[in-house]
Amino acid sequence: MSDLPADLFGEIDPPDRRLLMGPGPSNVHPRVLRAMSAAVLGQFDPEFTTTMNQVMALYRGVFQTTNKWTFMVDGTSRAAIEAAMVSVLAPGETVLVVSSGRFGLLLQEIGQRCGAKVEIVEAPWGEVVPMNAIKAAAERVRPRLIACVHGDTSTTMAQPLDGLGDVARGVGALSYVDATATLGGMDVAVDRWRADIVTAGLQKCMGGPPGIAPITISDRAAEHIFARRHVEKGIASAGDNAGPAPVIGSNYFDLAMVMDYWSDKRLNHHTEAASMLYAARECARIVLGEGLPKRIERHRLAGAAMAAGIEAMGLKVYGGAAHKMFNAVGVFIPEGVNGESLRKRMREEFEIEIGTSFGPLAGKIWRIGTMAGNARKHHVAHTLMALETALRREGFAAKASGVDAALGVYDGAKGD
Ligand SMILES: Cc1ncc(COP(=O)(O)O)c(C=O)c1O
(Lines give C-alpha, C1' and ligand atoms only; values in the text may rest on other atoms or scores of the structure.)
Protein backbone atom coordinates (compact mmCIF):
# COMPACT_ATOMS: atom_id res chain seq x y z
CA MET A 1 0.00 0.00 0.00
CA SER A 2 1.42 3.35 -0.98
CA ASP A 3 0.35 6.76 0.25
CA LEU A 4 2.02 8.46 -2.74
CA PRO A 5 -0.16 10.97 -4.65
CA ALA A 6 -0.95 10.19 -8.31
CA ASP A 7 1.38 12.92 -9.60
CA LEU A 8 4.23 11.67 -7.35
CA PHE A 9 4.39 15.12 -5.71
CA GLY A 10 4.85 16.86 -9.08
CA GLU A 11 8.05 17.89 -10.80
CA ILE A 12 10.51 19.69 -8.52
CA ASP A 13 9.80 23.40 -8.82
CA PRO A 14 11.37 25.53 -6.06
CA PRO A 15 10.96 29.32 -6.20
CA ASP A 16 13.69 30.49 -8.56
CA ARG A 17 13.62 34.16 -7.57
CA ARG A 18 14.42 33.78 -3.90
CA LEU A 19 17.39 35.95 -2.99
CA LEU A 20 19.64 34.01 -0.60
CA MET A 21 21.14 36.67 1.69
CA GLY A 22 21.88 34.35 4.60
CA PRO A 23 25.25 32.93 5.68
CA GLY A 24 25.04 30.36 2.84
CA PRO A 25 24.00 28.86 0.58
CA SER A 26 23.96 31.81 -1.79
CA ASN A 27 22.31 31.81 -5.22
CA VAL A 28 23.96 29.49 -7.72
CA HIS A 29 25.32 31.12 -10.89
CA PRO A 30 23.29 30.07 -13.97
CA ARG A 31 26.49 29.01 -15.75
CA VAL A 32 27.12 26.55 -12.91
CA LEU A 33 23.60 25.13 -13.19
CA ARG A 34 24.12 24.69 -16.93
CA ALA A 35 27.47 22.97 -16.37
CA MET A 36 25.77 20.52 -14.01
CA SER A 37 23.48 19.33 -16.78
CA ALA A 38 26.43 18.14 -18.93
CA ALA A 39 26.67 14.41 -19.64
CA VAL A 40 27.91 12.16 -16.85
CA LEU A 41 30.90 10.06 -17.93
CA GLY A 42 32.61 7.08 -16.33
CA GLN A 43 35.15 8.07 -13.70
CA PHE A 44 38.07 6.63 -15.66
CA ASP A 45 37.03 7.94 -19.07
CA PRO A 46 40.00 9.91 -20.40
CA GLU A 47 37.75 12.88 -21.13
CA PHE A 48 36.56 12.79 -17.54
CA THR A 49 40.03 12.43 -16.03
CA THR A 50 41.15 15.34 -18.21
CA THR A 51 38.36 17.37 -16.61
CA MET A 52 39.61 16.29 -13.17
CA ASN A 53 43.09 17.54 -14.05
CA GLN A 54 41.63 20.85 -15.24
CA VAL A 55 39.79 21.19 -11.92
CA MET A 56 43.07 20.63 -10.05
CA ALA A 57 44.76 23.39 -12.09
CA LEU A 58 41.84 25.79 -11.67
CA TYR A 59 41.72 25.38 -7.88
CA ARG A 60 45.44 26.00 -7.55
CA GLY A 61 44.52 29.43 -8.86
CA VAL A 62 41.53 29.84 -6.55
CA PHE A 63 43.55 28.73 -3.49
CA GLN A 64 46.58 30.84 -4.55
CA THR A 65 48.86 27.85 -4.22
CA THR A 66 51.34 25.76 -6.13
CA ASN A 67 50.30 22.63 -4.18
CA LYS A 68 50.22 19.63 -6.51
CA TRP A 69 47.57 18.02 -4.30
CA THR A 70 44.65 20.34 -4.98
CA PHE A 71 41.45 18.44 -5.72
CA MET A 72 37.89 17.72 -4.51
CA VAL A 73 36.36 15.70 -1.70
CA ASP A 74 32.82 14.58 -2.54
CA GLY A 75 30.29 15.75 0.04
CA THR A 76 29.48 19.08 1.64
CA SER A 77 32.20 21.22 3.16
CA ARG A 78 32.38 19.21 6.35
CA ALA A 79 33.30 16.14 4.30
CA ALA A 80 36.62 17.81 3.49
CA ILE A 81 37.05 19.00 7.09
CA GLU A 82 36.54 15.48 8.33
CA ALA A 83 38.79 14.01 5.60
CA ALA A 84 41.60 16.41 6.51
CA MET A 85 41.41 15.74 10.23
CA VAL A 86 40.93 11.96 10.14
CA SER A 87 43.68 11.55 7.54
CA VAL A 88 46.21 13.48 9.64
CA LEU A 89 45.27 12.53 13.19
CA ALA A 90 45.90 9.04 14.52
CA PRO A 91 44.19 8.11 17.80
CA GLY A 92 46.03 9.55 20.79
CA GLU A 93 47.70 12.36 18.82
CA THR A 94 47.10 15.94 19.85
CA VAL A 95 45.16 18.51 17.87
CA LEU A 96 45.22 22.16 18.90
CA VAL A 97 41.92 23.77 17.88
CA VAL A 98 41.73 27.55 17.47
CA SER A 99 38.17 28.20 18.52
CA SER A 100 35.86 31.19 18.79
CA GLY A 101 32.56 30.02 17.33
CA ARG A 102 30.41 27.11 16.26
CA PHE A 103 32.82 25.89 13.62
CA GLY A 104 35.72 25.89 16.07
CA LEU A 105 33.49 23.66 18.21
CA LEU A 106 32.94 21.46 15.16
CA LEU A 107 36.71 21.00 14.75
CA GLN A 108 36.90 20.01 18.43
CA GLU A 109 34.12 17.47 17.98
CA ILE A 110 35.68 15.96 14.84
CA GLY A 111 39.04 15.81 16.63
CA GLN A 112 37.38 13.85 19.45
CA ARG A 113 35.80 11.45 16.96
CA CYS A 114 39.27 10.87 15.47
CA GLY A 115 40.33 9.69 18.93
CA ALA A 116 42.72 12.64 19.21
CA LYS A 117 43.55 14.54 22.38
CA VAL A 118 41.85 17.89 21.81
CA GLU A 119 43.53 21.01 23.17
CA ILE A 120 41.91 24.40 22.71
CA VAL A 121 43.10 27.96 22.34
CA GLU A 122 40.06 30.15 22.30
CA ALA A 123 38.56 33.61 22.27
CA PRO A 124 35.00 34.61 23.19
CA TRP A 125 32.47 34.46 20.32
CA GLY A 126 32.72 37.74 18.37
CA GLU A 127 36.49 37.91 18.79
CA VAL A 128 39.50 36.20 17.19
CA VAL A 129 42.55 34.46 18.66
CA PRO A 130 45.83 36.43 18.32
CA MET A 131 48.63 34.54 16.54
CA ASN A 132 50.92 34.92 19.58
CA ALA A 133 48.31 33.08 21.69
CA ILE A 134 48.20 30.29 19.09
CA LYS A 135 52.01 30.15 19.17
CA ALA A 136 52.14 29.99 22.97
CA ALA A 137 49.51 27.22 23.06
CA ALA A 138 51.30 25.28 20.31
CA GLU A 139 54.58 25.47 22.21
CA ARG A 140 52.83 24.23 25.34
CA VAL A 141 50.91 21.28 23.86
CA ARG A 142 53.21 20.35 20.89
CA PRO A 143 50.31 19.18 18.68
CA ARG A 144 50.37 16.96 15.59
CA LEU A 145 47.90 19.41 13.98
CA ILE A 146 46.81 23.00 14.53
CA ALA A 147 43.24 23.39 13.23
CA CYS A 148 41.58 26.75 12.56
CA VAL A 149 38.52 28.29 10.93
CA HIS A 150 39.15 31.26 8.64
CA GLY A 151 35.67 32.81 8.49
CA ASP A 152 33.42 31.42 11.23
CA THR A 153 29.94 32.16 9.86
CA SER A 154 28.40 31.58 13.29
CA THR A 155 30.04 34.76 14.56
CA THR A 156 30.87 36.47 11.21
CA MET A 157 34.49 36.92 12.38
CA ALA A 158 37.57 36.25 10.23
CA GLN A 159 40.55 34.74 12.03
CA PRO A 160 43.89 36.31 10.93
CA LEU A 161 46.13 33.50 9.70
CA ASP A 162 49.38 35.12 8.57
CA GLY A 163 52.20 33.28 10.33
CA LEU A 164 50.18 30.09 10.95
CA GLY A 165 52.52 27.88 8.93
CA ASP A 166 55.59 29.21 10.72
CA VAL A 167 54.00 28.59 14.12
CA ALA A 168 53.14 25.02 13.08
CA ARG A 169 56.61 24.33 11.66
CA GLY A 170 58.19 25.74 14.83
CA VAL A 171 56.62 22.91 16.87
CA GLY A 172 56.77 20.19 14.22
CA ALA A 173 53.03 20.31 13.58
CA LEU A 174 50.89 20.43 10.45
CA SER A 175 48.27 23.15 10.07
CA TYR A 176 44.71 23.00 8.81
CA VAL A 177 42.27 25.80 7.85
CA ASP A 178 38.52 25.60 7.22
CA ALA A 179 37.95 28.27 4.56
CA THR A 180 34.44 27.06 3.65
CA ALA A 181 32.88 30.47 4.01
CA THR A 182 35.64 32.67 2.61
CA LEU A 183 37.07 31.01 -0.53
CA GLY A 184 36.25 33.25 -3.47
CA GLY A 185 35.20 36.18 -1.26
CA MET A 186 38.17 36.93 1.00
CA ASP A 187 41.92 36.47 0.64
CA VAL A 188 42.52 32.74 1.17
CA ALA A 189 46.28 32.91 0.77
CA VAL A 190 47.27 29.28 1.27
CA ASP A 191 50.93 29.68 0.30
CA ARG A 192 51.39 32.99 2.11
CA TRP A 193 49.91 31.50 5.28
CA ARG A 194 52.10 28.40 4.66
CA ALA A 195 49.06 26.39 5.70
CA ASP A 196 49.34 22.64 5.05
CA ILE A 197 45.71 21.75 4.38
CA VAL A 198 42.90 24.15 3.47
CA THR A 199 39.35 23.09 2.62
CA ALA A 200 36.28 24.92 1.37
CA GLY A 201 32.84 24.59 -0.18
CA LEU A 202 31.08 25.98 -3.23
CA GLN A 203 27.89 27.26 -1.64
CA LYS A 204 29.12 30.52 -0.13
CA CYS A 205 31.39 32.90 -2.12
CA MET A 206 32.08 30.44 -4.96
CA GLY A 207 28.50 30.71 -6.28
CA GLY A 208 27.87 26.97 -6.53
CA PRO A 209 25.69 24.37 -4.81
CA PRO A 210 26.65 22.44 -1.68
CA GLY A 211 27.90 18.92 -2.37
CA ILE A 212 31.59 18.98 -3.27
CA ALA A 213 34.48 20.39 -1.25
CA PRO A 214 37.74 21.79 -2.67
CA ILE A 215 40.87 20.84 -0.76
CA THR A 216 44.56 21.68 -1.11
CA ILE A 217 47.41 19.83 0.62
CA SER A 218 51.11 20.68 0.92
CA ASP A 219 53.73 18.10 -0.04
CA ARG A 220 54.78 17.64 3.58
CA ALA A 221 51.18 16.98 4.68
CA ALA A 222 50.71 14.61 1.73
CA GLU A 223 53.83 12.73 2.81
CA HIS A 224 52.40 12.36 6.32
CA ILE A 225 49.08 11.09 4.91
CA PHE A 226 50.72 8.67 2.46
CA ALA A 227 52.66 7.15 5.35
CA ARG A 228 49.23 6.05 6.60
CA ARG A 229 48.25 4.52 3.23
CA HIS A 230 46.44 1.17 3.57
CA VAL A 231 44.68 0.51 0.28
CA GLU A 232 41.44 -1.44 0.78
CA LYS A 233 41.81 -5.15 -0.06
CA GLY A 234 39.44 -5.35 -3.00
CA ILE A 235 41.28 -2.71 -5.02
CA ALA A 236 44.90 -3.08 -3.88
CA SER A 237 47.50 -4.25 -6.36
CA ALA A 238 50.88 -5.89 -5.72
CA GLY A 239 52.77 -2.60 -5.38
CA ASP A 240 50.36 -1.07 -2.83
CA ASN A 241 52.40 -1.75 0.29
CA ALA A 242 50.90 -0.49 3.51
CA GLY A 243 52.55 2.60 4.94
CA PRO A 244 54.36 2.44 8.30
CA ALA A 245 51.91 4.73 10.15
CA PRO A 246 48.50 3.81 11.63
CA VAL A 247 45.60 3.17 9.26
CA ILE A 248 43.29 6.15 8.62
CA GLY A 249 40.07 5.80 10.64
CA SER A 250 37.69 6.20 7.69
CA ASN A 251 37.48 4.59 4.30
CA TYR A 252 35.48 7.24 2.45
CA PHE A 253 37.57 10.10 3.87
CA ASP A 254 40.93 8.31 3.53
CA LEU A 255 42.84 11.01 1.66
CA ALA A 256 45.68 8.61 0.83
CA MET A 257 43.23 6.61 -1.30
CA VAL A 258 41.41 9.71 -2.56
CA MET A 259 44.75 11.20 -3.70
CA ASP A 260 45.59 7.90 -5.39
CA TYR A 261 42.36 8.30 -7.34
CA TRP A 262 43.25 11.90 -8.29
CA SER A 263 46.77 10.83 -9.37
CA ASP A 264 47.88 8.92 -12.48
CA LYS A 265 47.29 5.74 -10.46
CA ARG A 266 43.51 6.35 -10.79
CA LEU A 267 42.81 4.03 -7.87
CA ASN A 268 39.18 2.85 -8.10
CA HIS A 269 38.26 4.29 -4.68
CA HIS A 270 34.88 5.94 -5.36
CA THR A 271 32.69 7.04 -8.23
CA GLU A 272 33.45 10.72 -8.65
CA ALA A 273 30.40 13.00 -8.26
CA ALA A 274 30.55 14.00 -11.91
CA SER A 275 27.87 16.71 -11.95
CA MET A 276 29.35 18.30 -8.84
CA LEU A 277 32.81 18.22 -10.44
CA TYR A 278 31.40 20.13 -13.40
CA ALA A 279 29.88 22.63 -10.96
CA ALA A 280 33.24 23.09 -9.21
CA ARG A 281 34.96 23.59 -12.56
CA GLU A 282 32.54 26.30 -13.67
CA CYS A 283 32.65 28.06 -10.28
CA ALA A 284 36.44 28.31 -10.55
CA ARG A 285 36.24 29.54 -14.14
CA ILE A 286 33.84 32.29 -13.05
CA VAL A 287 35.95 33.28 -10.02
CA LEU A 288 39.25 33.36 -11.92
CA GLY A 289 37.59 34.97 -14.93
CA GLU A 290 36.47 37.86 -12.73
CA GLY A 291 39.90 37.94 -11.07
CA LEU A 292 40.46 37.23 -7.39
CA PRO A 293 41.47 40.79 -6.34
CA LYS A 294 38.42 42.30 -8.07
CA ARG A 295 36.09 39.70 -6.63
CA ILE A 296 37.46 40.10 -3.11
CA GLU A 297 37.09 43.87 -3.36
CA ARG A 298 33.48 43.39 -4.56
CA HIS A 299 32.79 41.32 -1.44
CA ARG A 300 34.53 43.85 0.79
CA LEU A 301 32.47 46.69 -0.61
CA ALA A 302 29.15 44.84 -0.38
CA GLY A 303 29.87 43.82 3.22
CA ALA A 304 30.85 47.35 4.17
CA ALA A 305 27.75 48.79 2.49
CA MET A 306 25.47 46.28 4.21
CA ALA A 307 26.99 47.05 7.62
CA ALA A 308 26.71 50.81 7.02
CA GLY A 309 23.05 50.41 6.05
CA ILE A 310 22.32 48.33 9.14
CA GLU A 311 23.93 50.87 11.44
CA ALA A 312 22.22 53.85 9.77
CA MET A 313 18.85 52.23 10.47
CA GLY A 314 19.68 52.23 14.18
CA LEU A 315 20.49 48.53 14.38
CA LYS A 316 23.65 47.24 16.06
CA VAL A 317 26.25 45.15 14.24
CA TYR A 318 27.57 42.13 16.17
CA GLY A 319 31.29 41.62 16.88
CA GLY A 320 34.42 43.70 16.42
CA ALA A 321 34.64 45.63 13.13
CA ALA A 322 38.39 44.99 12.82
CA HIS A 323 37.95 41.27 12.15
CA LYS A 324 34.54 41.14 10.51
CA MET A 325 34.21 38.80 7.53
CA PHE A 326 33.56 40.70 4.30
CA ASN A 327 30.69 38.47 3.31
CA ALA A 328 28.52 38.14 6.43
CA VAL A 329 27.28 40.55 9.05
CA GLY A 330 25.64 39.75 12.37
CA VAL A 331 22.80 42.07 13.38
CA PHE A 332 21.41 42.28 16.90
CA ILE A 333 17.66 41.67 16.87
CA PRO A 334 16.19 44.86 18.39
CA GLU A 335 14.17 44.75 21.61
CA GLY A 336 10.53 43.89 21.00
CA VAL A 337 11.06 42.36 17.54
CA ASN A 338 10.47 38.66 17.01
CA GLY A 339 13.45 37.47 14.99
CA GLU A 340 11.71 34.51 13.36
CA SER A 341 8.62 36.50 12.46
CA LEU A 342 10.81 39.10 10.74
CA ARG A 343 12.64 36.39 8.77
CA LYS A 344 9.30 34.89 7.73
CA ARG A 345 8.14 38.29 6.52
CA MET A 346 11.38 38.80 4.55
CA ARG A 347 10.88 35.44 2.87
CA GLU A 348 7.15 35.56 2.25
CA GLU A 349 6.72 39.23 1.36
CA PHE A 350 10.06 39.96 -0.31
CA GLU A 351 11.45 36.55 -1.39
CA ILE A 352 14.62 37.27 0.58
CA GLU A 353 16.26 34.79 2.95
CA ILE A 354 18.36 36.05 5.85
CA GLY A 355 19.96 33.81 8.47
CA THR A 356 19.18 32.89 12.02
CA SER A 357 21.84 31.90 14.61
CA PHE A 358 22.65 29.14 17.02
CA GLY A 359 24.36 28.38 20.31
CA PRO A 360 24.82 31.40 22.57
CA LEU A 361 23.63 33.69 19.77
CA ALA A 362 20.33 31.87 19.10
CA GLY A 363 17.48 34.38 19.06
CA LYS A 364 19.93 37.25 19.55
CA ILE A 365 21.27 38.02 16.07
CA TRP A 366 20.34 37.65 12.43
CA ARG A 367 23.12 36.91 9.96
CA ILE A 368 23.02 38.60 6.59
CA GLY A 369 25.31 37.38 3.83
CA THR A 370 26.60 39.13 0.73
CA MET A 371 28.18 36.27 -1.14
CA ALA A 372 29.17 35.36 -4.71
CA GLY A 373 26.80 37.03 -7.22
CA ASN A 374 24.80 38.53 -4.34
CA ALA A 375 27.72 40.72 -3.22
CA ARG A 376 26.44 43.54 -5.40
CA LYS A 377 25.00 47.01 -4.88
CA HIS A 378 21.46 46.26 -6.04
CA HIS A 379 21.16 43.14 -3.87
CA VAL A 380 22.42 45.06 -0.85
CA ALA A 381 19.94 47.87 -1.58
CA HIS A 382 16.99 45.48 -2.12
CA THR A 383 17.74 43.64 1.09
CA LEU A 384 17.99 46.84 3.14
CA MET A 385 14.79 48.26 1.62
CA ALA A 386 12.92 45.07 2.42
CA LEU A 387 14.42 44.89 5.90
CA GLU A 388 13.40 48.46 6.68
CA THR A 389 9.79 47.78 5.67
CA ALA A 390 9.64 44.39 7.37
CA LEU A 391 11.03 45.91 10.57
CA ARG A 392 8.46 48.72 10.47
CA ARG A 393 5.69 46.14 10.14
CA GLU A 394 7.19 44.33 13.15
CA GLY A 395 7.09 47.56 15.19
CA PHE A 396 10.65 48.90 14.75
CA ALA A 397 11.07 52.25 12.99
CA ALA A 398 14.45 52.80 11.34
CA LYS A 399 16.32 55.92 12.44
CA ALA A 400 17.46 56.76 8.91
CA SER A 401 17.56 55.19 5.46
CA GLY A 402 19.81 52.14 5.37
CA VAL A 403 19.74 52.22 1.58
CA ASP A 404 21.09 55.78 1.45
CA ALA A 405 23.92 54.84 3.78
CA ALA A 406 24.76 51.74 1.76
CA LEU A 407 24.69 53.63 -1.53
CA GLY A 408 26.91 56.24 0.11
CA VAL A 409 29.55 53.53 0.60
CA TYR A 410 29.38 52.74 -3.12
CA ASP A 411 29.49 56.41 -4.17
CA GLY A 412 33.01 57.16 -5.23
CA ALA A 413 34.12 53.54 -4.77
CA LYS A 414 34.94 51.54 -7.88
CA GLY A 415 32.64 48.55 -7.96
CA ASP A 416 29.09 47.30 -8.25
C1 LIG B 1 32.88 27.99 8.40
C2 LIG B 1 32.07 26.80 8.02
N3 LIG B 1 32.60 25.58 8.13
C4 LIG B 1 31.91 24.48 7.81
C5 LIG B 1 30.61 24.55 7.38
C6 LIG B 1 29.87 23.28 7.10
O7 LIG B 1 29.58 23.20 5.76
P8 LIG B 1 28.58 22.15 5.12
O9 LIG B 1 27.25 22.47 5.69
O10 LIG B 1 28.68 22.44 3.65
O11 LIG B 1 29.05 20.79 5.44
C12 LIG B 1 30.00 25.80 7.25
C13 LIG B 1 28.61 25.91 6.82
O14 LIG B 1 27.91 26.84 7.08
C15 LIG B 1 30.75 26.95 7.58
O16 LIG B 1 30.23 28.18 7.48
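Domain bounds here come from an automatic or database domain assignment. The model is predicted.

**View 1. Two domains in one chain.** The assignment splits the chain into domain 1 (30-287) and domain 2 (292-413). Their C-alpha centres are 30 Å apart.

**View 2. Contact between the domains.** Domain 1 contributes 23 residues in contact with domain 2, and domain 2 contributes 25 in return. On the side of domain 1 that touches domain 2, 9 residues are nonpolar, 10 are polar and 4 are charged.

**View 3. The residues around the ligand.** The ligand has 14 residues around it. Those that come nearest are Thr-76, Ser-77, Arg-78, Thr-153 and Thr-180. Two elements, helix 3 (77-88) and strand 6 (151-152), each give two or more residues to this shell. By class, the shell divides into 7 polar, 4 nonpolar and 3 charged residues.

**View 4. The fold of the whole chain.** The chain holds 14 helices and 13 strands. Of its contacts between residues at least 6 apart in sequence, 72% join residues at least 24 apart. Buried residues account for 50% of the 416 in the chain.

**View 5. Overall dimensions.** Along the principal axes, the C-alpha atoms fill a box of roughly 70 × 60 × 50 Å. The radius of gyration is 22 Å. This agrees with a compact globule, because one of 416 residues would have a value near 22 Å.

Key
Residues are numbered from 1 along each chain as its sequence is written. This is a predicted model: local features need pLDDT of at least 70, side-chain atom pairs count only at pLDDT 80 or more; totals for chains, interfaces and linings use all residues. A residue is near a molecule or strand if its C-beta atom, placed from the backbone, lies within 6 Å of it. Helices (H or I, at least four residues) and strands (E, at least two) are DSSP runs, numbered from the N terminus. Ala, Val, Leu, Ile, Met, Phe, Trp, Tyr, Cys and Pro count as nonpolar, Asp, Glu, Lys and Arg as charged, and the others, Gly among them, as polar. The radius of gyration is taken over C-alpha atoms; the globule rule is 2.2 Å times the number of residues to the power 0.38. A residue is buried if 20 or more other C-beta atoms lie within 10 Å of its own, exposed if 12 or fewer, and partly exposed in between; C-beta atoms are placed from the backbone. Two residues are in contact if their C-beta atoms, placed from the backbone, lie within 7 Å.
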